Amino acid sequence: MATAPNDADAEVDEFLAQRGHETGSPGWEESYNKKQCPDCGGLHASDATTCTVCGWTPRSA
């Protein structure tokens, strides 16, 4: 029986959380009135949904 991707993600998150790792969905950081990518630090307009520098997107919760 195959495990659905969301179930596998939940199991990995639980495994990591039990060992003290943060498993929350990372979101945009903010710098002044702009969104800032947490991966590369690229700055974007407040309506951005994807980093145009590195391609990062927030993980769905």
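## Y32 and its surroundings

In this predicted model, Y32 counts as exposed because its relative accessibility is 82%, a value that lies over the 50% required for that class. The residue is placed in the loop between β1 and β2, and its backbone has a positive phi of about 60 degrees although Y32 is not a glycine. As background to that angle, most residues other than glycine have a negative phi.

## Overall architecture

The chain contains 1 helix and 3 strands, and, read from the N terminus on, these elements follow one another as α-β-β-β. Of the 61 residues that make up the chain, 16% count as buried.

## The sheet

The strands form an open sheet of 3 strands, in the order β1-β2-β3 and with antiparallel pairing. Its edge strands are β1, covering residues 29-31, and β3, covering residues 43-44, each of which pairs on one side only. In general terms, strands of a sheet pair through backbone hydrogen bonds, either parallel or antiparallel.

The contact between β2, which spans residues 34-36, and β3 is antiparallel and comprises 2 bridges. At the level of single residues, Q36 has L43 in β3 as its bridge partner. The loop that carries Y32, between β1 and β2, thus belongs to the part of the chain that links an edge strand, β1, to β2, and this placement follows from how the elements are delimited as runs numbered from the N terminus.

## The helix and its negative patch

Helix α1 extends over residues 5-18, and D7 has its place within that helix. On the surface, D7 gathers with D9, E11 and E14 in a patch of negative charge. With a relative accessibility of 44%, D7 counts as partly exposed, because this value falls between the limits of under 20% for buried and over 50% for exposed residues. Membership of the patch requires over 30% relative accessible area and no salt bridge, and the 44% computed for D7 is therefore compatible with the area condition.

## The segment after β3

R59 is found in the segment after β3. Its relative accessibility is 43%, so R59 counts as partly exposed, in the class to which D7, at 44%, is also assigned.

R59 and P26 are 33 residues apart in sequence, while their C-alpha atoms are 6.8 Å apart in space. This pair relates a residue of the segment after β3 to a position that is remote from R59 along the chain by those 33 residues.

Methods. Residues are numbered from 1 along each chain as its sequence is written. This is a predicted model: local features need pLDDT of at least 70, side-chain atom pairs count only at pLDDT 80 or more; totals for chains, interfaces and linings use all residues. Side-chain values use heavy atoms; hydrogens and water are left out. Patches are made of residues with over 30% relative accessible area and no salt bridge: like charges are joined within 9 Å, nonpolar side chains (Val, Leu, Ile, Met, Phe, Trp, Tyr) within 5 Å. Accessible areas come from the Shrake-Rupley method with a 1.4 Å probe; for residues, only the protein chains shown count as cover. A salt bridge is a side-chain nitrogen of Lys or Arg within 4 Å of a carboxyl oxygen of Asp or Glu. Lys and Arg count as positive and Asp and Glu as negative; His and the chain ends are not counted. The place of a charge is taken as NZ of Lys, CZ of Arg, CG of Asp or CD of Glu. Helices (H or I, at least four residues) and strands (E, at least two) are DSSP runs, numbered from the N terminus. Buried means under 20% relative accessible area, exposed over 50%, partly exposed in between (1.4 Å probe, protein chains only). Two strands pair if DSSP finds at least two bridges between them.
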